[in-house]
Amino acid sequence: MRLTYLITMLFISATLTVSAQKSNFLDFVKQGIEFHDSGDFKKALNEYRKALKISPESPMVHYEIGSTYFAMEDHKNAIKYADMVIDYNDEYVDQAYILKGNALDSQGKTKDAIKVYKQGIRKYGDNYLLHFNLALTYYNSDDVKNAESSLKDAIVANPYHSSSNLLLGYIQVDKGERIPATLCMYKFLLLEASSSRSSTAHEILMAQMKMGVTQTDDNTINISFNADSDSEFQTADLMLSMLEASRNVEENEGKTDGQLFFENTDAFFAMLGEIRDGNDGFWWKYYVDFFYEMHQEEQVETFSYFVSMCTEDEEVFEWLDANESKINDFSEWYDKY
């Protein structure tokens, strides 16, 4: 009887000890992350080392230590701890590949960084951040073709990653691909309507919409168009110019900029959906289908005002304040899509 009691008490004591250690471990990690986020990297490392005493082979802690060294621009140690996580082959391995690639890229070792990202992608092809970081490395080394391909892979993995949409949009602008650039900026502004990057994206969007449309002193509207283009968006390119030119027709007199932006955006999305038949591929599947359904579900008005928040136009905020129910409807539709 006494022996059974003793064994029971020892079991309870061991359980409590393990539970206390687990609690302390998580507290150390949490405190380390807080120190890291506040920029106190030395204190962060101290907390992580305390956690390692409890769990010496924790992939999470080794990853956090590597991330802190990277923030300290100690790329050698960042790579060291990233490699440890990769060797454990447990948790955080995909993030460790990103960390190692970033550290190599920061050292100017572009080819090595690309090799590491590709190794990670072979194991974790659905991790959009691996594709994005690979794209960014390609882009910064002026390999635009591979950057574009990797960004498309990132968006296939996660269509709602704002930075992938934005960088892909910049590439389309540089290539002179008006419709893809416009689609990317629309999508980015939906994902980041009022960030520090939004104003520039909105300016690019408006510039793309107005491209090729000029007005002379006698109020004549001129539309320039490359009739020899073999682009899959040739028809859409012409129609977008015609929509922009229609701003100046008599029936649109008195309409606000917000109203005209909504009406042209809605007509543009409708037109893209109507020419969808026979067209296939990345742009149609990941952009046109989304925006055409938005048109069909009559959600473009809310979308148009929402993505215009960065302009700080009083009309935009007045509309948003007065249409809470439409905003809720749009949110529900978006969540279901």
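Good morning. I begin on the surface of the protein, where Ile223, Met239 and Met242 form a nonpolar patch whose accessible area comes to about 240 Å² together. One member of this patch, Ile223, belongs to strand β2, which covers residues 221-223. Ile223 is partly exposed, and its relative accessible area is 36%. Please keep in mind throughout that the model before you is predicted.

Let me now turn to the chain as a whole. The protein chain contains 17 helices and two strands. It has 337 residues, of which 43% count as buried. Its exposed area is about 18,300 Å², and carbon and sulfur atoms supply 48% of that area. If we take the contacts between residues at least 6 apart in sequence, 56% of them join residues at least 24 apart.

I return to the surface, this time to consider charge. Which residues gather in a patch of negative charge? They are Asp257, Asp313, Glu314, Glu318 and Asp321. Which helix gives the most to this negative patch? That is helix α16, residues 314-322, which contributes three residues. Asp321 is placed in helix α16, and this residue is exposed, with a relative accessible area of 67%.

Another member of the negative patch, Asp257, is placed in helix α13, which runs over residues 257-274. Asp257 is exposed as well, at a relative accessible area of 52%. Leaving aside residues up to four places away in sequence, Asp257 touches Arg247 and Glu315. The second of these contacts deserves a moment of attention. Asp257 and Glu315 are 58 residues apart in sequence, and their C-alpha atoms are 8.7 Å apart in space.

My next topic is the pairing of charges. Side chains of opposite charge can pair when their charged atoms come close. How many salt bridges does a search of the whole structure find? The search finds 11. I shall describe some of them.

Glu148, Lys152 and Lys175 are linked in a network of salt bridges. Within this network, the side chains of Glu148 and Lys152 meet at 3.6 Å, N to O. Both residues lie in helix α8, residues 144-157, and they are four residues apart, about one turn of the helix. Glu148 also forms a salt bridge with Lys175, and here the closest N and O atoms are 2.9 Å apart. Because Lys175 lies in helix α9, residues 162-175, while Glu148 lies in helix α8, the pair ties together parts that are 27 residues apart in sequence.

Are the members of this network buried or exposed? Glu148 is buried, with a relative accessible area of 10%. Lys152 is partly exposed, at 23%, and Lys175 is partly exposed too, at 44%.

A further salt bridge joins Glu263 and Lys255, with their closest N and O atoms 2.9 Å apart. Glu263 counts as partly exposed at 30% relative accessibility, and Lys255 likewise counts as partly exposed at 29%.

Let us now look at a buried residue. Ser304 is found in helix α15, residues 300-306. At 2% relative accessibility, Ser304 counts as buried, because that value is under 20%. What does Ser304 touch, not counting residues up to four places away in sequence? Its contacts of this kind are Phe261, Phe262 and Thr265.

I close with the backbone. Most residues other than glycine have a negative phi. Asn89 is not a glycine, yet its phi is positive, at about 55 degrees. Asn89 is placed in the loop between α4, residues 75-88, and α5, residues 93-106. At 51% relative accessibility, Asn89 counts as exposed, because that value is over 50%.

Where does Glu312 lie? Glu312 lies in the loop between α15 and α16. Its phi is near 55 degrees, again a positive value in a residue other than glycine. Glu312 counts as exposed, at 66% relative accessibility.

Thank you for your attention.

Terms used: Residues numbered from 1 in each chain as written. Predicted model: local features only at pLDDT ≥ 70, side-chain atom pairs only at ≥ 80, totals over all residues. Heavy atoms only, no water. Patch = residues over 30% accessible without salt bridge, like charges linked within 9 Å, V, L, I, M, F, W, Y side chains within 5 Å. Areas by Shrake-Rupley, 256 points an atom, 1.4 Å probe, with all protein chains shown as cover. Salt bridge = Lys/Arg side-chain N within 4 Å of Asp/Glu carboxyl O. Lys, Arg positive; Asp, Glu negative; His and termini not counted. Charge placed at Lys NZ, Arg CZ, Asp CG, Glu CD. Buried < 20%, exposed > 50% of the residue type's maximum accessible area, 1.4 Å probe, protein only. Contact = heavy atoms within 4.5 Å.
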